[in-house]
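Visitor: I would like to go through some labels given to this model and ask what stands behind each one.

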Amino acid sequence: MNIILEARDVRYRYPGGSEVIKGISFHVRKGEKIALVGPNGAGKSTLLQMFNGMVRPVSGVMLVGNEPIQYDSASLRMIRKKVGYVLQNSDRQIIAPTVYQDVAFGPANLGYDEEKIREKVTHALQHVGLEGFERRPPHHLSGGEKKRVAIAGILAMDPDVLVFDEPTSDLDPAGSEDLMELLDELNQEGKTVVISTHDVELAYPWADRAILMLDGRILQEDVPEIAFGNQKNVRKAHLSMPMILELSQELERRGFIEPGKKPRSILDIIHSIQKVATDSQQCKKLGTITVCNVDRSDDVSIRTWLESREIIAIGAMGTRAKQRAATEHLTLEFTYGVIDKCILRALRGKDSLILTTTRMVDRVSQRVDSYCQESSVSIQVLQLQGSEPDPQTVRSEQAVSKADNSKM
Ligand SMILES: Nc1ncnc2c1ncn2[C@@H]1O[C@H](COP(=O)(O)OP(=O)(O)OP(=O)(O)O)[C@@H](O)[C@H]1O
């Protein structure tokens, strides 16, 4: 078990106040997505701030990479290179007069030379979709853009762990979905991601593990299906049960889904409702999913390719994919939970196109393959790539089946 963060019986009280962290122990494994969930005042922010030494426990030990955190300034600088912390309020994190200077602050503090700083800043801004914003004053940006500047500032230091305090609290629903998608992308690239949130609907499908907190203690820590499935603890923590989980419990009571199945998404629910799924598989021809890697298809006109197709829905995963869609003036139908939504479409016999980036391409095939194996269906995943000489021939030349047709 590759533990990257660990708390051993940590306790904390603010100067002159009562105890707000009351003996907490837990660990985070490398590559995990953890959601710390609890009501106002539960101690989530205080606990998160212990992860990179911003708050020092009164007793107990915090470890990063199996090493107890040391609190001298040189050690803290190194810890903050490993564990990046994105504050809830971006205005408190952004300090410089331009976006470039703000994102450059971390790498400059690490002693990098000008060229390396420029490289880090450019890469970080690309990552969060803010290329071209370098000279902009941060206080003129929208809340969502400021959040991305704050994240870029952390990414520029290339930390192993990213900690986000209420990452979506000041974002609109579309902005929240974009941000969760960015967190997924970063996790897919190997970052461990820890967030605090009140939003159970957001945490439930996203997290590998949920930690429910109340009054400075951990109430429950488990996979989301179990952590959020305990009605008593959920109520106690002033939370509500995620809608999907509540619906699946109701369907289970009525015998529509097998006992013990805990769907995490609408696709899971459809899959669990065996009869409906079987009917749809038998009656309909399945649609296909075409994947376009935007990192490798500069010379492909997606718009031209689309013109040669029947009606198709388009989804985008990742910031660069969304930017590419904007450049080609494509209307996106799906920007979050994209793979599941395209599988649902395929089950209805309809085709879709997913724009994505190199690191996420395999994820599409993996998710579709695992769904197909579990459900004994075969949805074709095709790839759109390379130069496009003639839209008429694109379909046969560039659409290469990756699916295992023997599953049919
Ligand atoms: N700087 C501070 N000085 C004194 N007490 C504080 C300070 N910051 C937080 N607290 C107290 O510590 C407790 C835990 O606060 P914390 O912000 O960690 O909770 P939280 O779960 O993140 O809440 P929220 O969801 O509202 O942000 C609260 O009772 C709060 O009043």
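Guide: We will take the labels in turn, bearing in mind that the model is predicted.

Visitor: Why does Gln-373 count as exposed?

Guide: A residue is called exposed if 12 or fewer other C-beta atoms lie within 10 Å of its own. Gln-373 has 12 C-beta neighbours inside 10 Å, so Gln-373 counts as exposed. Gln-373 has its place in helix α17, residues 358–375. From Ala-108, Gln-373 is 265 residues apart in sequence and 49 Å apart in space, C-alpha to C-alpha.

Visitor: Why is Glu-166 called partly exposed?

Guide: The label buried needs 20 or more C-beta neighbours, exposed needs 12 or fewer, and partly exposed is what lies in between. Glu-166 has 19 C-beta neighbours inside 10 Å, and therefore counts as partly exposed. Glu-166 sits in the loop between β7 (161–165) and α7 (173–188).

Visitor: What makes the phi of Glu-166 worth a remark?

Guide: Most residues other than glycine have a negative phi. The phi of Glu-166 is positive, about 45°, although Glu-166 is not a glycine. Asp-9 is another residue other than glycine with a positive phi, near 50°. Asp-9 lies in strand β1, residues 3–13, and is exposed because 12 other C-beta atoms lie within 10 Å.

Visitor: Which residues surround the ligand, and how do they divide by type?

Guide: The shell consists of Tyr-14, Gly-17, Val-20, Gly-38, Asn-40, Gly-41, Ala-42, Gly-43, Lys-44, Ser-45 and Thr-46. Three are nonpolar, seven polar and one charged; glycine is counted as polar here. Helix α1 (residues 44–50) gives the largest share of the shell, three residues.

Visitor: How do you know that α4 and α6 are in contact?

Guide: Two residues are in contact if their C-beta atoms lie within 7 Å. Val-99, Asp-102, Val-103, Phe-105 and Gly-106 of α4 make the contact with Val-149, Ala-152 and Gly-153 of α6. Five of these residues are nonpolar, two polar and one charged. The axes of α4 (residues 99–109) and α6 (residues 143–155) come within 7 Å and cross at roughly 35°, and the crossing is right-handed.

Visitor: What does Ala-152 touch beyond four places away in sequence?

Guide: Ala-152 touches Val-103, Ala-124, Leu-125, His-127, Val-128 and Leu-130. The largest nonpolar core has 108 residues, and Ala-152 and Val-103 are among those with the most contacts inside it. In soluble globular proteins, nonpolar side chains tend to be buried together.

Methods
Residues are numbered from 1 along each chain as its sequence is written. This is a predicted model: local features need pLDDT of at least 70, side-chain atom pairs count only at pLDDT 80 or more; totals for chains, interfaces and linings use all residues. A residue is near a molecule or strand if its C-beta atom, placed from the backbone, lies within 6 Å of it. Helices (H or I, at least four residues) and strands (E, at least two) are DSSP runs, numbered from the N terminus. Axes are lines fitted to C-alpha atoms, for helices over the stretch in contact, and angles run from 0 to 180 degrees between N-to-C directions. A crossing is left-handed if the near helix is turned anticlockwise from the far one by less than a right angle, and right-handed if clockwise. A nonpolar core is a set of buried Ala, Val, Leu, Ile, Met, Phe, Trp, Tyr and Cys residues joined through C-beta atoms within 7 Å.
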